[in-house]
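This briefing sets out selected features of a single protein chain, grouped by topic. It is intended to be read alongside the sequence and the coordinates.

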Amino acid sequence: FDVIFLRNVIIYFDLPTKIRVLESVLRYLRPGGYLITGHSESLHGVCVPLEAVASAIYRKPVNP
């Protein structure tokens, strides 16, 4: 996918579950694609291959 909206979902999970959900979702996001989260959600402390573009907008690097 070019864009995945994952709004108001990961706020309900603990850190290990957040990581598993994001890793699963990111398999379907093409390099250069965008992940849009809710404004109350943070990926702080989550080690996934994403670049912050703006508040709640992340981009998967083309060459991770």
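Does Asp2 count as buried, partly exposed or exposed? With a relative accessibility of 46%, Asp2 counts as partly exposed. The model is a predicted one. Its 4 strands make up an open sheet of mixed pairing, and the structure holds 2 salt bridges.

**Sheet and helix**

- The strand order in the open sheet is β1-β2-β4-β3, and the pairing is mixed.
- The edges of the sheet are occupied by β1 and β3; each has a single partner strand, so one side of each is left without a neighbour in the sheet.
- From one strand to the next, the twist averages 25°.
- Helix α1 lies across β1 and β2, and runs at about 155° to β1.
- Ile19 belongs to helix α1 and is partly exposed, its relative accessible area being 23%.
- Ile19 and Tyr34 are 15 residues apart along the chain, and 17 Å separates their C-alpha atoms.

**The β3–β4 hairpin**

- Strands β3 and β4 run antiparallel and are joined by 3 bridges.
- Among the bridge partners, Glu51 is matched with Arg59 in β4, and Ala52 is matched with Tyr58 in β4.
- The two strands form a hairpin with 2 residues between them.
- Ala56 is located in the loop between β3 (51–54) and β4 (57–59), and in this turn Ala56 has a positive phi of about 70°.
- Ala56 is not a glycine, despite that positive phi.
- The relative accessibility of Ala56 is 6%, and Ala56 therefore counts as buried, the limit being under 20%.

**Salt bridges**

- One of the 2 salt bridges joins the side chains of Asp2 and Arg30, with an N to O distance of 2.3 Å.
- Asp2 lies in the segment before β1, whereas Arg30 lies in the loop between α1 and β2 (34–37); the pair therefore ties together parts that are 28 residues apart in sequence.
- Arg30 counts as partly exposed, at 39% relative accessibility, and Asp2 also counts as partly exposed, at 46%.
- A salt bridge is also formed by the side chains of Arg59 and Glu51, at 3.4 Å from N to O.
- Glu51 and Arg59 are thus linked in two ways, since Arg59 in β4 is the bridge partner of Glu51 and their side chains meet in a salt bridge.
- Arg59 is partly exposed at 23% relative accessibility, and Glu51 is partly exposed with a relative accessible area of 37%.

**Leu50 and its surroundings**

- Leu50 is situated in the loop between β2 and β3.
- Leu50 counts as buried because its relative accessibility of 17% falls under 20%.
- When neighbours within four places in sequence are left aside, Leu50 is in contact with Leu26, Leu29, Leu35, Leu43, Tyr58, Arg59, Lys60 and Pro61.
- One of these contacts is Leu35; Leu50 and Leu35 are 15 residues apart along the chain, with their C-alpha atoms separated by 8.5 Å.
- Two further residues in the list, Tyr58 and Arg59, also appear in the hairpin, where Tyr58 is the bridge partner of Ala52 and Arg59 that of Glu51.

**Nonpolar surface patch**

- Val3, Phe5, Tyr34 and Val53 make a nonpolar surface patch of about 370 Å².
- Val53, one of the residues in this patch, lies in strand β3, which stands at an edge of the sheet.
- Val53 is partly exposed, with 47% relative accessible area; this value meets the requirement of over 30% for patch residues.

**Positive phi at Asn8**

- Asn8 is not a glycine, yet has a positive phi of about 55°.
- Asn8 is placed in the loop between β1 (3–6) and α1 (15–26).
- Asn8 counts as partly exposed at 40% relative accessibility, whereas Ala56, which also has a positive phi without being a glycine, counts as buried at 6%.

Methods: Residues are numbered from 1 along each chain as its sequence is written. This is a predicted model: local features need pLDDT of at least 70, side-chain atom pairs count only at pLDDT 80 or more; totals for chains, interfaces and linings use all residues. Side-chain values use heavy atoms; hydrogens and water are left out. Buried means under 20% relative accessible area, exposed over 50%, partly exposed in between (1.4 Å probe, protein chains only). Patches are made of residues with over 30% relative accessible area and no salt bridge: like charges are joined within 9 Å, nonpolar side chains (Val, Leu, Ile, Met, Phe, Trp, Tyr) within 5 Å. Accessible areas come from the Shrake-Rupley method with a 1.4 Å probe; for residues, only the protein chains shown count as cover. A salt bridge is a side-chain nitrogen of Lys or Arg within 4 Å of a carboxyl oxygen of Asp or Glu. Two strands pair if DSSP finds at least two bridges between them. Axes are lines fitted to C-alpha atoms, for helices over the stretch in contact, and angles run from 0 to 180 degrees between N-to-C directions. Contact means heavy atoms within 4.5 Å.
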